[in-house]
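User: I am new to this structure and would like a close look at one part of it. Could you walk me through its charged pairs, and then whatever sits beside them in the chain?

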Amino acid sequence: MIHPILAYGHVTLRRPAADITKNHAGLKALIEDLYETMYAASGVGLAAPQIGQSLRIFVTDGEAFSEEDPAVANFKKVFINPVIVEEYGDDWFFNEGCLSIPKVREDVERPSIVRVQYYDPDWSFHDEVFSGIAARIIQHEADHLDGILFVDHLPALRRKMLQNDLKAISQGLVKTTYKMEFPGQKKKPARV
Ligand SMILES: [Zn+2]
């Protein structure tokens, strides 16, 4: 099922998400929904809080970046309870965007390599190292699980310059090709 993506300003995006327990009811459906919603919005990563589920899980598919970085051609993965245990390598700038912050793209500086521990949908434990764009997607999505958004990493002056754009997004004054839910927006009452 395709869910609306929560827009900047929504409280759920700022809440640290909870760990997922083994045998979590509805895990399979949640993974399917994350993928369906991500693909419908042409994203390369989507975290559960972005569809209103405050749980530590995100999905990725780096295919769209495979020309730029062939290593992400097969970067289709589900990360459950991910923990970034190490970040190292040279800091580099990469132009990030976020489905929750449509039309805003900014160069963000982060370390180039991450070591991440996580569970996959079969509940196998992984301890892996990623670099380049794969590392970047992991860093961006893992932030979502801690209530952090990529604009938080920008220098204060740049953030200030974006203030009006961010406010407009939170008020729903933005057009997207995918469905979004804006803070304060009332859900339509169910038809009787
Ligand atoms: Zn994002």
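Which residue forms a salt bridge with E96, and how far apart are the closest N and O atoms?

Analyst: Happy to help! Please keep in mind that this is a predicted model. The partner of E96 is R136, and their closest N and O atoms are 2.8 Å apart. E96 belongs to strand β4 (residues 76–96) while R136 belongs to helix α2, so this salt bridge ties together parts that are 40 residues apart in sequence.

Next, are these two residues buried or exposed? The cut-off for buried is under 20% relative accessible area. E96 has a relative accessibility of 3%, so E96 counts as buried. R136, at 2%, counts as buried too.

This pair also belongs to something wider. Salt bridges that share partners join E96, R110, R136 and D143 into one network. As for the general idea, side chains of opposite charge can pair when their charged atoms come close.

Helix α2, where R136 lies, also holds H140 and H144, which are 4 residues apart, about one turn of the helix. Both of these histidines coordinate the zinc ion through their NE2 atoms, and C98 joins them through SG, at 2.1 to 2.3 Å. Along the chain, the donors follow the spacing C-x41-H-x3-H. H140 is buried, with a relative accessible area of 8%, and H144 is buried at 1%.

For some context, the model has 10 salt bridges in total. One of them joins R56 and D146, with 2.8 Å from N to O. R56 sits in the loop between β2 (45–47) and β3 (57–61), and D146 in the loop between α2 (132–145) and α3 (156–170), so by position in the chain the two are 90 residues apart. Here the two ends have unlike surroundings: R56 is buried at 14% relative accessible area, whereas D146 is partly exposed at 39%.

Another salt bridge pairs D127 with R115, and their closest N and O atoms are 2.8 Å apart. D127 lies in strand β6 (residues 125–131) and R115 in strand β5 (residues 106–119), 12 residues apart. D127 is partly exposed at 38% relative accessible area, and R115 is partly exposed at 26%.

To return to your question, E96 and R136 form a salt bridge between strand β4 and helix α2, and this helix also carries H140 and H144, two of the residues that coordinate the zinc ion.

Terms used:
Residues are numbered from 1 along each chain as its sequence is written. This is a predicted model: local features need pLDDT of at least 70, side-chain atom pairs count only at pLDDT 80 or more; totals for chains, interfaces and linings use all residues. Side-chain values use heavy atoms; hydrogens and water are left out. A salt bridge is a side-chain nitrogen of Lys or Arg within 4 Å of a carboxyl oxygen of Asp or Glu. Buried means under 20% relative accessible area, exposed over 50%, partly exposed in between (1.4 Å probe, protein chains only). Donors are N, O and S atoms within 2.8 Å of the metal (3.2 Å for Na, K and Ca); water is not among the atoms, so sites may look incomplete.
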